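Biologist: Please take a close look at one part of this model, the annotated "active site", and then work outwards from there to the rest of the structure.

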Amino acid sequence: MARVVVDVMPKPEILDPQGKAVLGALPRLGFDLVTDVRQGKRFELQVDGEITDEVLAEIEKVAETLLSNPVIEDFEVHVEDRSVAEVAHEAGR
Amino acid sequence: MKVGVVTFPGSLDDVDARRAVSIGGNEAVPLWHGDDDLRGVDAVVLPGGFSYGDYLRCGAISRFAPVMTSVIEAAGKGMPVLGICNGFQILCESHLLPGALIRNDHRKFVCRDQRLRIERVDTPWTSAYAAGAEVTIVLKNGEGGFVADEATLDLLEGEGRVVARYLDGNPNGSLRDIAGISNERGNVVGLMPHPEHAVEDLTGPGTDGLGFFTSLAEHAFA
C-alpha cells in the first residue's frame, strides 16, 4: 500500500478569510514571528500497489476534478511515506 | 409550466422554493438528487441550503449527484435553470456559470433584507422586472463572496451577464458587488440572495422576489 498526498491551497490572489483570522489571533497569543498565514487542505490518499506514472496521473485527475476548484485553488501532488498521524506519533505527540 | 425543484441531502429551502414556484403560477415538481429523471419539467430550481454539509467546498459534491448530469445536459439545450445560494454554488462548481463563491470577507454569516438592482431582464427568470429595478429580498449566507479573475469579470460586465448587484453596501465581499450572474444564453442564472423568501406579504420583507417565479410564464408567452 502506498500513500499519495494532495495539498490544496487558495490561489495567492484569492482572499483567504480563515488564514487572516488565524494570523490575527497569533499576536494576541504572544506569537510574533509569523507574518502571513494561508489555510488550505491536505488529502492523504492510499492506493494499492506501487506508485506508477499512471497512478500519479489518475491522482492528478482526482485533484483537478474533485479535490480542488481550479478557479480559486492550486493543488500539488506528491508521494509521501508517512501520514501526519505517523509523524506525530513518532514525535511523541 | 412544470418547474422541478431539486432536493439534495442538506437542502433547506426546497419547500419554500416549491411554494414560490406555485405562487408564481407554475406547477412545482419535486426532484431527487439521486435520480437522474427530470420528470418532464420545463425548468429547474436548485435551492439553498447546505447540500452534503458543504463538505469539501460548497456545491462540490452535489455537482456529481445523478440529477446534475441531467440538469447540466438540459441546461446545455437551453432549459431555464435557477440556482439560489447553495444552488448558485452548485452551478459554479458544475461550470455552468463562471467564477466561484468563497467565505464572506468579514467571516460572519449574514442574514438580512438586502437591496438589489436587477440588471439583466432578458432571462426566463428576470423578464418580469424592469431593467434597473431596485428590489429588497432576503440574503443569508456564510460563503457568498463571488470571485472570478479580472478577465472573467470584464467579460460578464461586457456581455451584460450581471443579473443582480448589491446596493447599499456589499454584504459579503463579492467582487464588483455582484449578487447574481447568468450564462451567455441567459437560461442559467445563479443568485446569492433568496427571492423564494420574498413572495408573500405575511412573511419576509415583501413580495419583490416573486418576479423570479412569474417571469417563466411571461417568457414562455413572449
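Modeller: A word on terms comes first: helices (H or I, at least four residues) and strands (E, at least two) are DSSP runs, numbered from the N terminus. The model is predicted, and every value below is computed from it.

In those terms, the secondary structure of chain B comes to five helices and 11 strands, while chain A has three helices and three strands.

The part you ask about belongs to chain B, where an unreviewed UniProt entry lists B:Cys85, B:His194 and B:Glu196 under "active site". These residues span 112 residues in sequence, yet none of their C-alpha atoms is more than 11.0 Å from another of the set, so they gather at one spot.

B:Cys85 sits in the loop that links strand E4 (81-84) to helix H3 (86-93) of chain B. With 29 other C-beta atoms within 10 Å, B:Cys85 is buried, because the threshold for that label is 20 or more. When neighbours within four places in sequence are set aside, the contacts of B:Cys85 are B:Gly48, B:Asn141, B:Met192 and B:His194, and B:His194 is itself one of the listed residues.

B:Glu196 lies in another stretch of chain B, the loop between strand E11 (188-191) and helix H5 (211-221). B:Glu196 is likewise buried, having 31 other C-beta atoms within 10 Å. Once its neighbours within four places in sequence are left out, its contacts include B:Asp13, B:Asp16 and B:Ala17, together with B:Ala20, B:Ile84 and B:Gly209.

Both loops adjoin strands of one sheet, which is where the wider picture begins. Nine strands of chain B form this open sheet, in the order E2-E1-E3-E4-E11-E10-E9-E6-E7 and with mixed pairing, so that E4 and E11 stand next to each other in that order. Its edges are strand E2 (27-32) and strand E7 (134-141) of chain B, each of which pairs on one side only, and neighbouring strands are turned against each other by 25° on average, direction ignored. On the other side of E11(B), strand E10 (residues 178-182) of chain B runs antiparallel to E11(B) and is joined to it by three bridges; in one of the pairings, B:Ile181 has B:Gly190 in E11(B) as its bridge partner. Helix H1 (residues 14-23) of chain B packs on the sheet, where it touches strand E1 (2-7), E2, strand E3 (43-46) and E4 of chain B, and its direction makes about 175° with that of E1(B).

Chain B as a whole has a radius of gyration of 15 Å, which agrees with the value near 17 Å for a compact globule of 222 residues, and 56% of its residues are buried. For chain A, by contrast, a compact globule of 93 residues would come near 12 Å, but the chain has 16 Å, and buried residues make up 12% of it. The C-alpha trace of chain A spans about 45 × 40 × 15 Å along its principal axes, and its elements run β-α-β-α-β-α from the N terminus on.

The contact between the two chains takes nine residues from chain A and 13 residues from chain B. On the side of chain A, the largest share, three residues, comes from helix H1 (residues 17-28) of chain A, and the residues there divide into seven nonpolar, two polar and no charged.

Note on methods. Residues numbered from 1 in each chain as written. Chains lettered and ligands numbered in written order. Predicted model: local features only at pLDDT ≥ 70, side-chain atom pairs only at ≥ 80, totals over all residues. UniProt positions renumbered as here; feature names shortened; annotations may be inferred. Contact = placed C-beta atoms within 7 Å. Nonpolar A, V, L, I, M, F, W, Y, C, P; charged D, E, K, R; others polar. Rg over C-alpha atoms; globule rule 2.2 N^0.38 Å. Pairing = 2+ DSSP bridges. Axes fitted to C-alpha atoms, helices over the stretch in contact; angles between N-to-C directions.
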